[in-house]
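Hello,

Here is the structure I promised to pass on to you. Have a look at it first, and then read on for what turned up in it.

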Amino acid sequence: MGILNLTKLLADIAPQCIKETEIKTYFGRKVAIDASMSLYQFLIAVRSEGAQLTTADGETTSHLVGTFYRTIRLLEHGIKPVYVFDGKPPELKGGELNKRMERRAEAQKALDKALEAGDQTEVDKFNRRLVKVTKQHADEAKELLKLMGVPYIEAPCEAEAQCAAMVKAGKIYATATEDMDALTFGSNIVLRHLTFSEARKMPIQEIHLNTVLQELNLNQSEFIDLCILMGCDYTDSIRGIGPKKSIELIRNYKSIEEILKHIDKDKYPPPENWNYQGARELFENPEVADPETIELKWGEPDEEAMVKFLCGHRQFSEDRVRNGIKKLQKARGTSTQARLDGFFKVLGTTPAKRKVEEKNKKNTSNKRGKTSGRGRPK
């Protein structure tokens, strides 16, 4: 789920923080991709267009088709992708996972009724709701990425948190995901729609956390409390308080503790035993692997092993796979070209340094003014 309605809230009251860009903008950039979200997109996209792609034995291959061709596309545009896979879910996510199981059970019942009634539109709708990324999907995607020479990371816990840690450490430019809680975890830059199919013709959305905080007039701690109020994966939210009420309350009272002191609890009853502190701690101090210990390497693709992996019982077309590998090998040369700004370290200007620079500039200007009437020396 991520953060409920956060994208809409930002579009409504802080539109400056969402910039639409083209994929070529990210030439030479390292981007951390939320792998589970990416695999889900591939499964859902194919399901939306009809049945899943499968082997003769009925094993799904849509996730491999998507990973293979979409990764090649990213590399062709000079992007260096790093896929980050979820580890164990945090204990606080148990409630959300139970809700998902309940929704899946309801969707299955609705699907059975639609099948009985022969309503194909409803069948397609509930089939999509039953799509789930499994451990097998993830393991197969990891194997394919290894054969393609593309690095991946197994996060100890939430993938979005690991992506954010990599971005904050400067090892990665941005997090590519559709889940907005990457911002809540502190990712400086989030890219949405990067792994969408080009057929969907959706521009990439680039969201900068600093601009989000400036536009909302919040600091990171207040932003985290806003996200918890709006609805996250780790705890319930206050019934009756939607996005606009949430931002109003956070701006007025700055924290959930202060909000609870001032709201009408009869009108807005907080959840029983509300563990918002636990959710806050999880966003502020998530379990992640130290980015400094992670080495990222893009290697040579193993053509024959890839053909064997995809064209054996998974029944991919060998000609198409080999053509894809040619593009992959060519793209590797493109992606190894560095961005010009990668050769330079951009240093921030401190207020003290800014004053010195302004003073020097003023002195220089005064000197020019005094000498301007003297004419050129002979």
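**What we found**

Let's start with a small detail: Lys-142 lies over the face of Phe-85, at 5.1 Å from the ring centre. A similar arrangement involves Arg-314, whose charged end sits over the ring of Phe-309, 4.1 Å from the centre of that ring. Please keep in mind that this is a predicted model.

Now for the overall picture. The chain has 378 residues, and buried residues make up 45% of them. Its secondary structure comes to 16 helices and 7 strands. If you take the contacts between residues at least 6 apart in sequence, 72% of them join residues at least 24 apart.

Next, the sheet. Strands of a sheet pair through backbone hydrogen bonds, and they can do this parallel or antiparallel. Here you will find an open sheet of 7 strands with mixed pairing, in the order β1-β7-β6-β5-β2-β3-β4. At its edges are β1 (18-21) and β4 (152-154), each of which pairs on one side only. From one strand to the next, the twist averages 30°. Strands β3 (residues 80-85) and β4 run parallel and are joined by 3 bridges. To find one place where they meet, look for Tyr-83, whose bridge partner in β4 is Tyr-152.

A helix packs on this sheet as well: α7 (residues 159-168) touches β2 (30-34), β3, β4, β5 (174-176) and β6 (189-192). The direction of α7 makes about 170° with that of β2.

Strand β2 is also where you will find Ala-32. Is Ala-32 buried or exposed? Its relative accessibility is 1%, so Ala-32 counts as buried. Leaving out residues up to four places away in sequence, Ala-32 touches Val-82, Val-84, Cys-163, Ile-172, Ala-174, Thr-175 and Ala-176. You can also compare Ala-32 with Glu-160: they are 128 residues apart in sequence, and their C-alpha atoms are 9.1 Å apart in space.

On to the aromatic rings. A pair of rings is described by the distance of the centres and the angle of the planes. The structure holds 6 aromatic pairs. In one of them, the ring centres of Tyr-26 and Tyr-173 are 6.2 Å apart and the planes are at 45°, so this pair is tilted. Tyr-26 lies in the loop between β1 and β2, and Tyr-173 in the loop between α7 and β5, so the pair ties together parts that are 147 residues apart in sequence. Tyr-26 has a relative accessibility of 1%, so this residue counts as buried. Elsewhere, ring pairs link Phe-185, Tyr-234 and Phe-283 into a cluster.

Helix α14 (residues 303-311) is a nice one to rotate on your screen. An α-helix has 3.6 residues a turn, so residues three or four places apart point the same way. In α14, the residues Met-306, Val-307, Phe-309, Leu-310 and Cys-311 are buried. Seen down the axis of α14, the buried residues fall within an arc of 165°, so they line one face of the helix.

Finally, take a look at Gly-242, in the loop between α10 (220-230) and α11 (243-253). Gly-242 has a relative accessible area of 29%, which lies between the cut-offs of 20% and 50%, so this glycine is partly exposed. The C-alpha atoms of Gly-242 and Gly-231 are separated by 8.9 Å, and the two residues are 11 residues apart along the chain.

Enjoy exploring!

Terms used
Residues are numbered from 1 along each chain as its sequence is written. This is a predicted model: local features need pLDDT of at least 70, side-chain atom pairs count only at pLDDT 80 or more; totals for chains, interfaces and linings use all residues. Side-chain values use heavy atoms; hydrogens and water are left out. Two strands pair if DSSP finds at least two bridges between them. Helices (H or I, at least four residues) and strands (E, at least two) are DSSP runs, numbered from the N terminus. Axes are lines fitted to C-alpha atoms, for helices over the stretch in contact, and angles run from 0 to 180 degrees between N-to-C directions. Contact means heavy atoms within 4.5 Å. Rings of Phe, Tyr and Trp (its six-membered ring) pair if their centres lie within 6.5 Å; planes under 30 degrees apart count as stacked, over 60 as edge-to-face and the rest as tilted. Buried means under 20% relative accessible area, exposed over 50%, partly exposed in between (1.4 Å probe, protein chains only). A charge sits over a ring if NZ of Lys or CZ of Arg is within 6 Å of the ring centre and within 35 degrees of the ring normal. The arc is that of the directions from the helix axis to the C-beta atoms.
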